[in-house]
Number of protein chains: 2
Amino acid sequence: MRDFSDDHRWLSINTATVRQQRGEDWPLLQILDACAARGIRAISPWRDQVQAAGLAAVSRAVKAHGLELSGYCRGGMFTYSDAAGRQAARDDNLRALDEACELNAACLVLVVGGLPGALGGKPAHKDIADARRQVADGIAELLDDARQRNMKLAIEPLHPMYAADRACINTIEQALDVCDAVDPVQSGAIGVAVDVYHVWWDPKLRSQIERAGGKRLHAFHVCDWLLPTTDLLNDRGMMGDGVIDIAQIRGWVEAQGFAGYSEVEIFSTGNWWQRDGGEVLDTCIERHRRCV
Amino acid sequence: MRDFSDDHRWLSINTATVRQQRGEDWPLLQILDACAARGIRAISPWRDQVQAAGLAAVSRAVKAHGLELSGYCRGGMFTYSDAAGRQAARDDNLRALDEACELNAACLVLVVGGLPGALGGKPAHKDIADARRQVADGIAELLDDARQRNMKLAIEPLHPMYAADRACINTIEQALDVCDAVDPVQSGAIGVAVDVYHVWWDPKLRSQIERAGGKRLHAFHVCDWLLPTTDLLNDRGMMGDGVIDIAQIRGWVEAQGFAGYSEVEIFSTGNWWQRDGGEVLDTCIERHRRCV
């Protein structure tokens, strides 16, 4: 297991972590400058932030700073309630793939979607099995496009508390079942993004990380589970402030050969989004060394 | 599958559903009166409510009304950080067993506990595997006592969002693994309580209900998952107001031979606990007929 205690070479910042500080959007290009100034070598930007800054400008800044993308957030949202919805999801995922390629991302992260319409508060139905079938079909279709572009796909299982509205793939086991189905030879063209926040509770976590193997572990995301957690979405903790044994999970992932970045992804309305962005980045560096 | 549409013979009220209406505790004996007056034949009381009313008085009222207990809430909380904590948990569980026997409950429901100290906000450590070992040991020990009293134990897997502080058994699969270990012949002395709120998201839900089988399905709890859910603990929905296909899950449970009560258990600070208790019970009856 790599020793992170004396440098932060393997720290990546998911840019949602500093997307809005004290009520103001922090523009992506400024985030990249602030990361580069601190010797942070990798980021994982969100598409809306890229769009706001302009893809070409972001691509230039990434190259100018020599930054890597530990992933691109995000494709997915495969579920639909009509043919137009299906086509819109497909078109959007193809754009996401092209953007990921332009930015030379390590993978396109897939948050697969929940019940169609649920994220907007109006689920079209309650048939989660049907949503899961749509997801599996959508992933199978997208994998062909991803292979053509040589871009890896990473299914990110989300915590079961997001099953209804954000992602109906909720465990690594379930994600790997989909991977096995669409890529039976386990080529690594599709794998998983392991976010400790979503999977730390899983009694099968270690065995499923081992099942994934190094070829299918495409991303490793960190933050922490706070006690109490006051909001289902935006109360994630800084590493070390919660109950997740992050180092143990990283050990399991690295034992499979994973040698990529530890990507910090924290949504925190009440705490970290209320601070100066530079302070948040400095804290990420310190906690990466001490708690990851 | 039983037809619930024209009566509510198989409705049970978990008394936490109406424990505090508009900021005032509704005394348990009054709850029992209100249930009996509506032809509700079963309840599942919480221990603190029983203690407040007095066990003997509750026992008399249960008999006088001819009420059944679909379960008794609750034993468990097996995890500890020192020998005194272990002994305290054991003593408390023996008391819970005796109370369940006095009230002739169908089973003692076990909410197994999370990281020791976490419910009070101070987890003793982050080793959830260790907590799970303590739980398995505690259950094995308690099962002997339960057998002597002829009282069934029902492990209630809680939603993974409670893994840290309330229960580190989070899926039916995991609960059944414990059942298999402590009762290899699957006698039914220990089984599971299936609460749709905790398990509806699980891709293995149907297969694990089938694995449990009728002899190990000891309780069936209903409420609903709201969109959005604004609080991790106390924002459960009334059946029909959320996204859970309750009837489908009940069908799976009954296909295994389960013929007991559908127990309504709703914690709702912002909505149902703000209403008149009688109105809540009337709504439970109506929704039981239409949405369960």
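These legends describe close-up views of a predicted model.

**Figure 1. Nine strands of chain A form an open sheet.**
The strand order is β5-β4-β1-β11-β10-β9-β8-β7-β6, and the pairing is parallel. The edges of the chain A sheet are β5 (68-69) and β6 (72-76). Each edge strand pairs on one side only.

**Figure 2. Strand β1 of chain A meets strand β11 of chain A.**
Strand β1 covers residues 11-14, and strand β11 covers residues 262-264. Three bridges join them. The two strands run parallel. Within this pairing, A:S12 has A:E263 of β11(A) as its bridge partner.

**Figure 3. Helix α5 of chain A lies across three strands.**
The helix spans residues 128-149 of chain A. Beneath this heading belong β7 (108-111), β8 (153-155) and β9 (190-195) of chain A, the strands that α5 lies across. Relative to β8(A), the helix runs at about 155°.

**Figure 4. Helices α5 and α6 of chain A pack against each other.**
Helix α6 is formed by residues 172-182 of chain A. The angle between α5(A) and α6(A) is about 50°, and their axes are 10 Å apart. The two helices are therefore oblique to each other. Their crossing is right-handed. From α5(A), the contact residues are A:A136, A:I139, A:A140 and A:L143. From α6(A), they are A:V178, A:A181 and A:V182.

**Figure 5. Strand β7 of chain B is covered on both faces.**
This strand comprises residues 108-111 of chain B. B:L108 and B:L110 sit on one side. B:V109 and B:V111 sit on the other. All four residues are buried. Four bridges link β7(B) to β6(B), and the two strands run parallel. B:G75 has B:L110 of β7(B) as its bridge partner.

**Figure 6. A cis peptide bond joins B:C73 and B:R74.**
Omega for this bond is about 0°. B:R74 belongs to strand β6 of chain B, residues 72-76.

**Figure 7. The peptide bond from A:L227 to A:P228 is cis.**
Its omega is near -10°. A:P228 is placed in a loop of chain A. That loop runs between β10 (217-222) and α9 (246-255).

**Figure 8. A:Y197 is a buried residue of helix α7 in chain A.**
Helix α7 consists of residues 196-199. A:Y197 has 21 other C-beta atoms within 10 Å; 20 or more count as buried. Leaving aside neighbours within four places in sequence, A:Y197 is in contact with A:H159, A:C223, A:W225 and A:R236. A:D224 is 27 residues from A:Y197 in sequence. In space, A:Y197 and A:D224 are 6.0 Å apart, C-alpha to C-alpha.

**Figure 9. B:R22 has a positive phi in a loop of chain B.**
Phi of B:R22 is near 55°, and the residue is not glycine. The loop lies between β2 (20-21) and β3 (24-25) of chain B. B:R22 counts as exposed, with 10 C-beta neighbours inside 10 Å. The cut-off for exposed is 12 or fewer.

**Figure 10. B:E24 of strand β3 in chain B is exposed.**
B:E24 has 8 C-beta neighbours inside 10 Å. In sequence, B:E24 and B:Q274 are 250 residues apart. In space, their C-alpha atoms are 9.6 Å apart.

**Figure 11. B:Q186 has a positive phi and is partly exposed.**
Phi of B:Q186 is near 55° in this residue other than glycine. B:Q186 lies in the loop between α6 (172-182) and β9 (190-195) of chain B. It has 16 other C-beta atoms within 10 Å.

**Figure 12. A rotation of 180° superposes chain B on chain A.**
The shift along the rotation axis is 0.0 Å. The RMSD is 0.0 Å. That is the relation of a two-fold axis. The same surface serves both copies. Of the contact residues of chain B, 100% recur in chain A.

Note on methods: Residues numbered from 1 in each chain as written. Chains lettered and ligands numbered in written order. Predicted model: local features only at pLDDT ≥ 70, side-chain atom pairs only at ≥ 80, totals over all residues. Pairing = 2+ DSSP bridges. Contact = placed C-beta atoms within 7 Å. Axes fitted to C-alpha atoms, helices over the stretch in contact; angles between N-to-C directions. Least-squares fit on C-alpha atoms with pLDDT ≥ 70 in both. Parallel < 35°, antiparallel > 145°, perpendicular 65-115°, else oblique. Left-handed = near helix turned anticlockwise from the far one by under 90°.
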